[in-house]
Structures are given as C-alpha cells and as structure tokens.
Amino acid sequence: MDSLVSVFETVVKSISDWVILAFDTASARSIVFGVPIKGHLLVEGILFVVILFLLSQKSYKPPKRPLTEKEVDELCDEWVPEPLIPSITEEMKYEPPVLESAAGPHCVINGKDVVNFTCADYLGLLGHDKLQESCTKALEKYGVGSCGPRGFYGTIDVHLDCEARVAKFLGTPDSILYSYGLSTMFSIIPAFCKKGDVVVVDEGVHWGIQNGLHLSRSTIIYFKHNDISSLQSVLENITHANKRTKKLRRYIVVEAVYQNSGQIAPLDEIIKLKEKYRFRVILDESNSIGVLGSSGRGLTEHFKVPIEKVDIVAAAMGHALATEGGFCTGSNRVIDHQRLSSSGYVFSASLPPYLASVAITAIDVLEENPNLITKLKENVAILRKGLSDVQGLEIVSDPESPIVYMRLKTPTGSLKGDLQVLQDIADHLLNEHSIFVASTKRSTVDKCKLPAGIRLCVSAAHTETDLDKACESFKKVTAVVLTGQ
C-alpha cells in the first residue's frame, strides 16, 4: 500500500513539475495589456484540442417521425399565405376620368366638353384628314394587324417603307420599328447594355428607361438631374477609379425632353463629355421629335449637333406623330444588331400596318407644314406667361419644351402629401372649370427622385382662348386649394 502511495505521489510531482516548467518557460510567457501571462502556449494547446473535439462531434438531430393527420391538419389551419398583392388602400381606389371621345385639344368627359392638356398631341395631328385617309387605305389593304413577329411572317412592305422614311427624315443610314412606344426603350437598352457594362443615367428618366436598365443587369450609376457638372464628376470617377475601364462598354442614357420635369438635356455639353471620356450615348427623343429644331428633327437639330455623334436615337411615335409604336435609328451596324438581339423586336407581333402608314403620312405633313412647330412654340410661350404668377406653383420646365411642368413652391414635406394636393388641384380644374390636366403618378416600381408636379402637354391645335381659360382657372383653383380663400 505504501509503495502505491509513493508511486502516485511521484507521478503527481512529475506532472506538477512539468506544468510549472511549461508555465515558466520563456517562450510560453506573454504580456497582454501590461499583464504577464504564463503558460499561454499550454492554455492555447488545450483550447485547440477542445475545439478539435467539438468539431469532430456529430450535430444532434432529433429522431425523424412522420406527422400525424391531426398535426398536419393543425399546421394547415394555422398557415396564412402571403398575399400576391399588397392590401388595397384608399389612395389605390382612385378612378381616373374616362374619355368619351377621341383624344385631342378638346375631349368629352362625363358628357362635358373639356380642354385637354393631358394628350401629347403636340402638332395637333390627331384627326388630321390626311392621316385618317392614310389609315383607312392601309386598313382596307392590310387589315388590322400583322399577327406575327417581324422575323417570321410579320414584315409587311409598309414597315420597310416607314423605317426608310424615318431614316431619311432624321438623316441616318437605317432605322427599326417597335410595336409599342414604351417598350422601345426597355427593349433597346438590354439589347446593347449587358451584365458588366457601366451605364450612367440621369436620375429623372421615365419608367420605361428605368425598366430597361433593370433588365440589362448592367452597373447603373445615376447623376443629378440635368446637371452637367454632376455628370462630369461621375464620368471622371468611373474613368480613373477603375483599372478595367478601357475594357468595359460604357453608356450615357438621357432624354431629350424629360417627361418628369419638362427640361431639355444639354446635348452639346453631353457630346463633349462623351468624346472626352469615350462613352456611347443613348438618347430618348420621344417628346422632342416633331417639336424641337427648325424642322422638328429633334434635339440634335436644336443644338446643331450632327446626329451621327449620338450612337443610338430612339423615340415613341405616340406623341407628335399621332400614331403608336416606336423606332430606333442609327448606323447600319446598330440597327442590324437589334434585328437579331432585341427581344421586343424578335418576339413581339409587328406594328399594325395602318399605324406604320400613319407615321409615314405624319412625317410628310410635318415637312409640308413647318408652321405647326411655330404655332406650338407660340402656344407654349402664351401658356408659360399666363401661368408664371399662379399662386403656390412654379414652372420648372424649359421654355422650349412642349411640356409645361409645374410643382409646388412650398412642398408638404412628403411625396404622398404633395401628390394629394396636386390631385386636388387637378380635380377642381376638371370638375369646376372643364380643364383636364394630369398630376404626377408614381408607381411603387418608379425610382424617379424628382418632385411631383402637374404636367401640361401643349398642342399646336390649342386656341388662344383655351390657353387663357387654363391660366385663369389655375389662378382661381390654387387660391382655393392652397390658401383656402
């Protein structure tokens, strides 16, 4: 028994000596925040062993047992599926006015004739005799629709004629037609801008461009609305901060006349920056074709910039040309690329032939009657002058723009509040003064950051009486809605 005790004491003493030696070894000492720590290697070794032990253990899994029918029924009763759409709020229940006649400078709403400032019929060509005659003949010859995409059996000779007419009018080698105006931009942008490309875009672009950018999956960088210094700063950062810049495809996307502000893009300055930093420009001319320039050829003519300096020009034809669909124009290479890779062209049924025929006739009428542009500019000037002193509202659009855009001088502090005030003004104008205007509508997917406002689309077909009535009505309504007088 004594021998066993002696052996045990010897073993304990040996272990104790080893531990003391380990703690006193110079290499095992450490000073942390001024506190000496002995034997840190031993402690770390023990911790390492513990960690390895824990990692080697299998995770606990409760035994699998099939649910009983009662348990399944209880879970089904408790489960509440997520709604497919958000719950309907009072704001969503708004019913827009319904037209009971053709759109134009005047239309009928609820049996009452009203002056219409919501229709982008800038040249007053809706209902024009030559356009109606052209449409009737095309309907008799081709029928209502083509019933097929362009690449299969939907190409009709009038489509080719329209593309050639647009190219000739704008002075470009070729053009391509799209079936729907809004889809033009969100078909063109994904056709050129791919994942990995860099796209610099104005923060005020309309939803069609925003959607095209989203579909492209490109790297999107916004610059301040219509701010050349902001654009230059963004281009400078992209060019010098990215070592792979020379290998990236780079684009600048702008509107000629911004739908959300009525301002005109400074194309001459944009082209200078484009050439300096070696970017490509995609220009949406939907609200400028037939409006800007001495002959209505758009922003390039307005700034006297050769159209070949703009890489891609696109426009919806549902505005000044009084038809539907859209087009893109540019070099042969740009157009040929879209015929093979643009989903909106390849998979959609082609533009109804009668609409293509109307577009051709509209361009002919515009070239024969340049005074339409002069009349439009006169009407814009009259309306701007009459609305310049409206209480509580200010004009922010460009003097040359066919869109007279007004916003609150003193915002309510929230977009929802601004929209409600503006809609109240629009409702009073329609119900009490027979003036039909549109306040800004922003959907949940619209990322435009510009302030809300009231947009008035001026037409060459508006009379001076129409314009004077609108100005007087605005002054009376704002005095009631904004000040309560």
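## A small sheet to start with

Val115 has Ile435 as its bridge partner in β14. Keep in mind that this is a predicted model. One residue further along, Asn116 is bridged to Phe436, again in β14. Strand β4 covers residues 112–116, and its pairing with β14 runs parallel over two bridges.

Val115 also turns up in the pairing with β3: within β4, Val115 is the bridge partner of His106. Here the strands β3 and β4 run antiparallel, with four bridges between them. So what order do the strands take in the sheet, and is the pairing mixed or not? The order is β3-β4-β14, the sheet is open, and the pairing is mixed. The edges are β3 (106–109) and β14 (435–436), each of which pairs on one side only.

Then there's the hairpin that links β3 and β4. Two residues sit between its strands, and Asn110 takes a positive phi near 55°.

## The nonpolar cores

Which residues touch the most other members of the largest nonpolar core? Out of 115 residues in that core, the answer is Phe117, Val200, Leu383, Leu387, Val437, Leu456 and Phe474. Helix α13 (residues 353–368) supplies the largest share, nine residues. As a rule of thumb, nonpolar side chains in soluble globular proteins tend to be buried together.

Phe117 is a good one to click on. Leaving out residues up to four places away in sequence, Phe117 touches Leu383, Ile435, Phe436, Val437, Arg455, Leu456, Cys457, His462, Asp466, Leu467 and Ala470. Apart from the largest core lies another one, made of five residues, including Cys107, Ile109, Leu430 and Phe436.

## A proline in a loop

Now look at Pro149, in the loop between α4 (129–142) and α5 (157–170). Is Pro149 buried or exposed? Its relative accessible area is 15%, and buried means under 20%, so Pro149 counts as buried.

What does Pro149 contact, once neighbours within four places in sequence are set aside? The list is Gly154, Thr155, Val346, Phe347, Ser348, Ala349 and Ser350. Phe347 is 198 residues away from Pro149 along the chain, yet their C-alpha atoms are separated by 5.8 Å.

## A nonpolar patch on the outside

Not every nonpolar side chain is hidden: Ile46, Val50, Phe53 and Leu54 form a nonpolar patch on the surface. Together these four residues have about 390 Å² of accessible area.

Take Leu54, which belongs to helix α2 (residues 40–56). With a relative accessible area of 54%, Leu54 is classed as exposed, because exposed means over 50%.

## The chain overall

Zooming out, the chain holds 16 helices and 16 strands. How much of the chain is made up of buried residues? They make up 45% of its 485 residues. The accessible surface comes to about 26100 Å², and carbon and sulfur atoms own 58% of that.

Finally, the contacts. Among those with a separation of 6 or more, 67% join residues 24 or more positions apart. The contact list of Pro149 includes one such partner, Phe347, which lies 198 residues away along the chain.

How values were computed:
Residues are numbered from 1 along each chain as its sequence is written. This is a predicted model: local features need pLDDT of at least 70, side-chain atom pairs count only at pLDDT 80 or more; totals for chains, interfaces and linings use all residues. Side-chain values use heavy atoms; hydrogens and water are left out. Patches are made of residues with over 30% relative accessible area and no salt bridge: like charges are joined within 9 Å, nonpolar side chains (Val, Leu, Ile, Met, Phe, Trp, Tyr) within 5 Å. Accessible areas come from the Shrake-Rupley method with a 1.4 Å probe; for residues, only the protein chains shown count as cover. Buried means under 20% relative accessible area, exposed over 50%, partly exposed in between (1.4 Å probe, protein chains only). A nonpolar core is a set of buried Ala, Val, Leu, Ile, Met, Phe, Trp, Tyr and Cys residues joined through side-chain atoms within 4.5 Å. Contact means heavy atoms within 4.5 Å. Two strands pair if DSSP finds at least two bridges between them.
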